[in-house]
Amino acid sequence: AVFHVDYRLAPEARFPGGFHWGTATASYQIEGSWQSDGKGESIWDRFAHTPGKVRNGDTGDVACDSYRRWKDDIALLRDLRQTSYRFSIAWPRIQPQGRGAPNPKGLEHYGRFVDALLAAGIRPLPTLYHWDLPQALEDAGGWPHRDLAGRFADYAEIVAKALGDRVSDWILFNEPSIFTTLGYLLGRHAPGHRDLEAFLRATHTVNLAQGLSFRAVKSVRPGSRVGTAFNFSPCEPEKDTDEDAAAAERWHGFLNEWFLTPALHGRYPDAFLSGPPLARMGVRDDDLDLVRAELDFLGVNLYSRTIVRAVPQDPNLGAMPVG
């Protein structure tokens with residue numbers, strides 16, 4: 001038999017005007033220079049330097065050396081014809097102890113970087129928090145301690161004042177469900193805690209911080225566009241049963257909506273069997289007004305689907321991801 005294959009190209013795909021091709025990084029993963037120019041210690045500095053926490057004892061002390069080689073990075077972006085670059089700002093470079101007056105050298109570094117991106121025709125898209133909390137704030141209680149919400153808003157205002165004349169788009173958090181779950185519930189990421197109650201409080205503090213920092217940025221740069229980057233995953237039942245279907249729906253609320261529904265609607269989703277555990281989370285009067293943030297855009301990080309099984313013996317979600 002003879003087969004004929006038509007190799008003609010499909011009609012050219014065209015993207016709308018203003019569409020950006022871009023890349024993204026995180027400060028701890030690329031910057032290095034972990035003690036340079038007055039930078040404070042972060043929870044990832046402490047975690048990676050703790051024996052047994054990271055495979056091979058690897059650290060971000062040098063990483064890609066981007067703090068010193070940022071001009072080379074921008075040259076690479078230009079060669080790749082990128083028109084947008086999402087990077088994160090290291091909070092400990094701005095406030096080494098997580099509070100107080102900003103570190104001028106930290107602000108100067110990111111100011112130079114933003115200027116160079118703009119000169120290269122690349123939109124700067126900074127993320128204010130990509131998981132490198134100042135260790136001093138973790139020592140004071142970390143994300144489970146609600147005072148951190150105000151600290152984060154102060155930091156957001158400092159950065160927006162310094163860079164907002166050149167930066168029009170801001171991402172507040174990267175994947176809040178990941179850094180709270182892996183950092184405070186499962187202990188796999190910095191700061192390495194395994195504490196359900198601390199995790200629940202941390203999720204509410206992050207939601208408070210999201211609402212307060214959104215207002216802080218808007219107060220100093222009203223015309224800016226502000227959002228958060230969430231990790232979403234389609235949740236499907238393991239088996240075709242009512243129990244697994246209900247479990248998958250609860251897991252969807254927990255995984256995909258826990259940090260989104262409070263911002264957009266001022267309430268928590270019904271992910272838990274007995275409703276949102278507001279008392280355990282430390283929710284106070286008027287908090288559900290404070291968590292509201294009419295985000296201008298949503299960042300969508302999509303990796304894989306999640307298969308969910310009903311777990312009747314679990315008193316919280318009654319569900320467990322199995323794949």
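**Exercise 1. Overall dimensions**

What radius of gyration would a compact globule with 323 residues have, and what does the chain have?

*Solution.* Keep in mind that you are working with a predicted model. Start with the expectation: for 323 residues, a compact globule would come out near 20 Å. Next, take the value for the chain, which is 21 Å, and this agrees with the expectation. Then look at the extent of the C-alpha trace, which spans about 75 × 55 × 45 Å along its principal axes. Finally, add the secondary structure: the chain holds 13 helices and nine strands.

**Exercise 2. Inside and surface**

Work out what share of the residues is buried, and what the accessible surface is made of.

*Solution.* Begin inside: buried residues account for 50% of the 323 in the chain. Now turn to the surface, which comes to about 16,000 Å², with 52% of that belonging to carbon and sulfur atoms. For the charges, count 36 positive and 41 negative side chains. The centres of these two sets lie 4 Å apart.

**Exercise 3. Classifying two aromatic pairs**

Decide how the rings of F19 and W21, and then those of W258 and F272, are arranged.

*Solution.* The chain has 29 aromatic pairs in total. In the pair of F19 and W21, the ring centres are 5.2 Å apart and the planes make an angle of 70°. Planes over 60 degrees apart count as edge-to-face, so this pair is edge-to-face. Check the accessibility too: F19 is at 38% and therefore counts as partly exposed, and W21, at 49%, is also partly exposed.

Now move on to W258 and F272, with 5.5 Å from centre to centre and 45° between the planes, a tilted pair. W258 sits in the loop between α10 and α11, F272 in the loop between α11 and α12, and 14 residues separate them. Both W258 and F272 are buried.

**Exercise 4. The surroundings of F259**

Find out whether F259 is buried or exposed, and which residues it touches.

*Solution.* First locate F259: it lies in the loop between α10 and α11. Its relative accessibility is 4%, and because buried means under 20%, F259 counts as buried. Next list its contacts, leaving out residues up to four places away in sequence: P176, S177, T180, T203, V206, N207, Q210 and F230. As a last step, try S42, which is 217 residues from F259 along the chain; the C-alpha atoms of the two are separated by 23 Å.

Methods: Residues numbered from 1 in each chain as written. Predicted model: local features only at pLDDT ≥ 70, side-chain atom pairs only at ≥ 80, totals over all residues. Heavy atoms only, no water. Helix = DSSP H or I, 4+ residues; strand = E, 2+ residues; numbered from the N terminus. Rg over C-alpha atoms; globule rule 2.2 N^0.38 Å. Buried < 20%, exposed > 50% of the residue type's maximum accessible area, 1.4 Å probe, protein only. Areas by Shrake-Rupley, 256 points an atom, 1.4 Å probe, with all protein chains shown as cover. Lys, Arg positive; Asp, Glu negative; His and termini not counted. Charge placed at Lys NZ, Arg CZ, Asp CG, Glu CD. Phe/Tyr/Trp six-rings, centres within 6.5 Å; stacked < 30°, edge-to-face > 60°. Contact = heavy atoms within 4.5 Å.
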